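Colleague: Hi! I'd love a close look at the aromatic rings in this model and the charged side chains around them. Here is what I have on screen.

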Amino acid sequence: QVQLVESGGGLVQPGGSLRLSCAASGSDFSINAMGWYRQAPGKQRELVARFTSGGDANYADSVRGRFTIWRDNAKSTIYLQMNSLKPEDTAVYFCNAIYVKGSSIQVDWGQGTQVTVSS
């Protein structure tokens, strides 16, 4: 199993910025894809941004142009810079990783970090 540890959530005013980070740790694994999802109260979990297995960055339409995902492969860490935050960005943000360990492909989620955008 791979452990995903998220940090960086919090309370911010509309128009503000936050940066999230997610570090993957464990032994003998190779990450295929890694990204961020979010879940607001009463709603389904949705993609925010992710790196695909081919290395491309995908964004949800609702965050494109405001959020930026990047990674540090040496540290098995991804980051999400969130600018121009809106109240509708309020949600629990989860890190997700699809990885190969041994002969199997596995999926793990972080514990989630709360992002609240409110004045």
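How many aromatic pairs does a search of the whole structure find? Please take me through the rings and the charged groups in one go.

Modeller: Happy to! A search of the whole structure finds three aromatic pairs; here, rings of Phe, Tyr and Trp (its six-membered ring) pair if their centres lie within 6.5 Å, with planes under 30 degrees apart called stacked, over 60 edge-to-face and the rest tilted. Before the details, note that this is a predicted model, in which local features need pLDDT of at least 70 and side-chain atom pairs count only at pLDDT 80 or more, while totals for chains, interfaces and linings use all residues. Residues are numbered from 1 along each chain as its sequence is written, and side-chain values use heavy atoms, with hydrogens and water left out.

One of the pairs is Phe-29 with Tyr-99, an edge-to-face arrangement with 6.1 Å centre to centre and 75° between the planes. Phe-29 belongs to strand S4 (residues 29-39) and Tyr-99 to strand S9, so this pair links distant parts of the chain, 70 residues apart (strands are DSSP runs of E, at least two residues, numbered from the N terminus). Tyr-99 has a relative accessible area of 0% and is therefore buried; buried means under 20%, exposed over 50% and partly exposed in between, using a 1.4 Å probe and protein chains only.

Strand S4 also supplies Tyr-37, whose partner Trp-109 is in strand S10 (residues 104-109), 72 residues apart in the chain. Their ring centres are 5.1 Å apart and the planes meet at 70°, which is why this pair is edge-to-face too. Tyr-37 is buried because its relative accessible area is 16%, whereas Trp-109, at 37%, is partly exposed.

Trp-109 brings us to the charges. Arg-45 lies over the face of Trp-109, 4.5 Å from the ring centre, where "over" asks for NZ of Lys or CZ of Arg within 6 Å of the ring centre and within 35 degrees of the ring normal. Arg-71 lies in the same way over the face of Phe-51, at 4.3 Å from the ring centre.

Turning to charge-charge contacts, the whole structure has four salt bridges, meaning a side-chain nitrogen of Lys or Arg within 4 Å of a carboxyl oxygen of Asp or Glu. Arg-38 and Glu-46 form one of them, at 2.8 Å from N to O. With 5% relative accessibility Arg-38 is buried, while Glu-46 is partly exposed at 36%.

Arg-66 and Asp-89 also meet in a salt bridge, again 2.8 Å from N to O. Arg-66 sits in the loop between strand S6 (57-59) and strand S7 (67-72), and Asp-89 in the loop between strand S8 (77-82) and strand S9 (91-101), so this bridge ties together parts that are 23 residues apart in sequence. Arg-66 counts as buried at 11% relative accessibility, and Asp-89 counts as buried at 1%. Arg-38, Glu-46, Arg-66 and Asp-89 are in fact linked in a network of salt bridges.

For contrast, look at Asp-61 and Arg-64, whose salt bridge has its closest N and O atoms 2.6 Å apart. Asp-61 is exposed, at 65% relative accessibility, and Arg-64 is partly exposed, at 48%.

Conventions
Helix = DSSP H or I, 4+ residues; strand = E, 2+ residues; numbered from the N terminus.
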